[in-house]
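Work through the exercises below with the sequence and the structure side by side. Each task is followed by a solution in steps.

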Amino acid sequence: MSDVFQMPEVGEGVVEVEIALWKVAVGDVVARDQVLCEVTTDKASLEITSPRAGTVAVLHGQPGEILKVHTPLVTFASGATGETSTGTSEAAAPSPAASVPSVTVPTPTSSHAGGASGASAAARAEGPARAAPAVRRHAHEVGVDLRDVAGSGRDGRITRADVDAAAGGAPAPAAVAPALPLPVAPVALPQVVPVAADQRIPITGVRRKIAERMVAAKHTAPHFTYVEEIDASALVSLRTRLKPRAERQGVSLTYMPFFAKACSIAFRDFPNVNAVMDEAASELVVRAEHHLGFACDTPTGLMVPVVRNVERKSILQIAAEMQDLFARTRVGKAKREELSGSTFTVTSVGSIGGVLATPILNVPEVAILGVNAIRQRAVVAEDGTIVARPMTYLSPSFDHRVLDGAVAARFIARLKDLLETPEQLLLELV
């Protein structure tokens, strides 16, 4: 007798995950709530815990494989305790006959030339196409019905290249808005010739999700970057004066909360910068609330923890929340909802070095602010003399489909004014 633990639901609309790392092996005796494995979705890396105590008999899947929700994850040996296999031990597992929600791609109003092949007809008969969320999203963007595509990946999975190949020879369907990107014809890539001393590192887990999102961002939104120089003299002075007071309250006051508050204030004059693109509807959704994401370097890769409702918080409150959120994100303890839902992103590698960077958008957002190192540089003062001042560059990127260069320049000019006279930020009690 054995007990099969099925992959639980890990978020609304998530129908499949990628196995990143097993924390147990066949034959291990595990306790209830012990971590079995780490999985990744488009949004986050998550730990799956055991719903019961028992001995591991079978692990279903290897790191890097895609697993659907409500399919076997772990089989326990005999000795079932009657606890259910839901991942949270709070609800019964669905029966094999139960219907499993799936994500389907809207069918284009016009079909591809030549109709469905025999392989695609078989795929229609078998049910929802096998494809990762990022591939489904790409298929929708270029107007390809996944049910008409034969997968070339493992176990018949549909890859991005399969979608591009299907889209390459077909006219763009009428249902696809003009703002969406044109299909990209497949390109023959050079073959990698192995050398004995080479090391091969599989791109799996969070790293694979980061790669997919970066490719999607560059293919979806035409980026442009606008660079402005900031005299940080007053900002450095203000932070130096406020830092001891913040430390007495247990808060490490960095420069980032000042930049966050300045962005929130500037959004009042330029609300379209705090917005996201609804690709399916070809609409710009201007967000009423300011949920700022902050790029965070972690051992498993880039994460974007989100400080919500910055418009309602003081600089000290923002600093305290960032300190807590960053600490938990770096050790993998941030909640899934704390790593999604941002309306605007701020990224900085100034503490490491470099002069400036041109960041990639965190789609569907339409803007991202690059904050760079503050350094002493020689500048020409108002009286013509050469003086040393702490200077920095702002290097934001924008989605040129919805934000023009003039709008970007005025938005950054507003940020420059706020940061060069930062006492304005203190007038904002919340």
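**Exercise 1. A bridge partner in β20**

Which residue is the bridge partner of Glu229 in β20?

Solution. The model is a predicted one. Begin with the strands: β10 covers residues 228-231, and strand β20 covers residues 386-394. The two run antiparallel and are joined by four bridges. In β20, Glu229 has Tyr393 as its bridge partner.

**Exercise 2. The other neighbour of β20**

Find how strand β19 is connected to β20, and describe the turn between them.

Solution. Strand β19 spans residues 375-380, and six bridges join it to β20. The direction of this pairing is antiparallel. One facing pair is Val380 with Ile386, the latter in β20. Five residues separate the two strands, which form a hairpin. In the turn, Gly384 has a positive phi of about 90°.

**Exercise 3. A hairpin with four residues between its strands**

Describe the pairing of β11 with β12, and name the turn residue with a positive phi.

Solution. Take the ranges to start with: β11 is residues 275-278 and β12 is residues 283-286. Four bridges pair them in the antiparallel sense. Asp278 is bridged to Glu283 in β12. The two strands form a hairpin with four residues between them. The turn residue is Ser282, whose positive phi is about 55°.

**Exercise 4. Building a sheet**

Put the strands β1, β3, β6 and β8 in their order within the sheet, and identify the edges.

Solution.
- Step one: strand β3 (residues 29-30) is joined to strand β6 (residues 54-59) by two bridges, and the pair runs antiparallel. Here Val29 has Thr55 in β6 as its bridge partner.
- Step two: three bridges connect β6 to strand β8 (residues 72-76), again antiparallel. Val56 stands opposite Phe76 in β8, and Val58 has Thr75 as its bridge partner.
- Step three: the order is β1-β8-β6-β3, in an open sheet of four strands with antiparallel pairing. Its edge strands are β1 (3-6) and β3, since each pairs on one side only.

**Exercise 5. Past the end of β3**

Is Ala31 buried, partly exposed or exposed, and how far is its C-alpha from that of Thr49?

Solution. Ala31 lies in the loop that runs between β3 and β4 (35-40). Its relative accessibility is 40%, so Ala31 counts as partly exposed. Between Ala31 and Thr49 there are 9.4 Å in space, C-alpha to C-alpha, at a separation of 18 residues in sequence.

**Exercise 6. A nonpolar surface patch**

Which residues form a nonpolar patch with Val227, and where does Val227 lie?

Solution. Val227 is in the loop between β9 (223-225) and β10. The range for partly exposed residues lies between 20% and 50% relative accessible area. Val227 is at 39%, and therefore counts as partly exposed. Together with Val355 and Leu356, Val227 forms a nonpolar patch on the surface. The accessible area of these residues together is about 220 Å².

**Exercise 7. Rings**

How many aromatic pairs are there, and which residues do ring pairs link into a cluster?

Solution. Rings pair if their centres lie within 6.5 Å. The count by this rule is six aromatic pairs. The cluster linked by ring pairs consists of Phe267, Phe270, Phe344 and Phe411. For a charge over a ring, look at Tyr255: Arg239 lies over the face of this ring, 4.4 Å from the ring centre.

Methods: Residues numbered from 1 in each chain as written. Predicted model: local features only at pLDDT ≥ 70, side-chain atom pairs only at ≥ 80, totals over all residues. Heavy atoms only, no water. Phe/Tyr/Trp six-rings, centres within 6.5 Å; stacked < 30°, edge-to-face > 60°. Lys NZ or Arg CZ within 6 Å of the ring centre and 35° of its normal. Pairing = 2+ DSSP bridges. Patch = residues over 30% accessible without salt bridge, like charges linked within 9 Å, V, L, I, M, F, W, Y side chains within 5 Å. Areas by Shrake-Rupley, 256 points an atom, 1.4 Å probe, with all protein chains shown as cover. Salt bridge = Lys/Arg side-chain N within 4 Å of Asp/Glu carboxyl O. Buried < 20%, exposed > 50% of the residue type's maximum accessible area, 1.4 Å probe, protein only.
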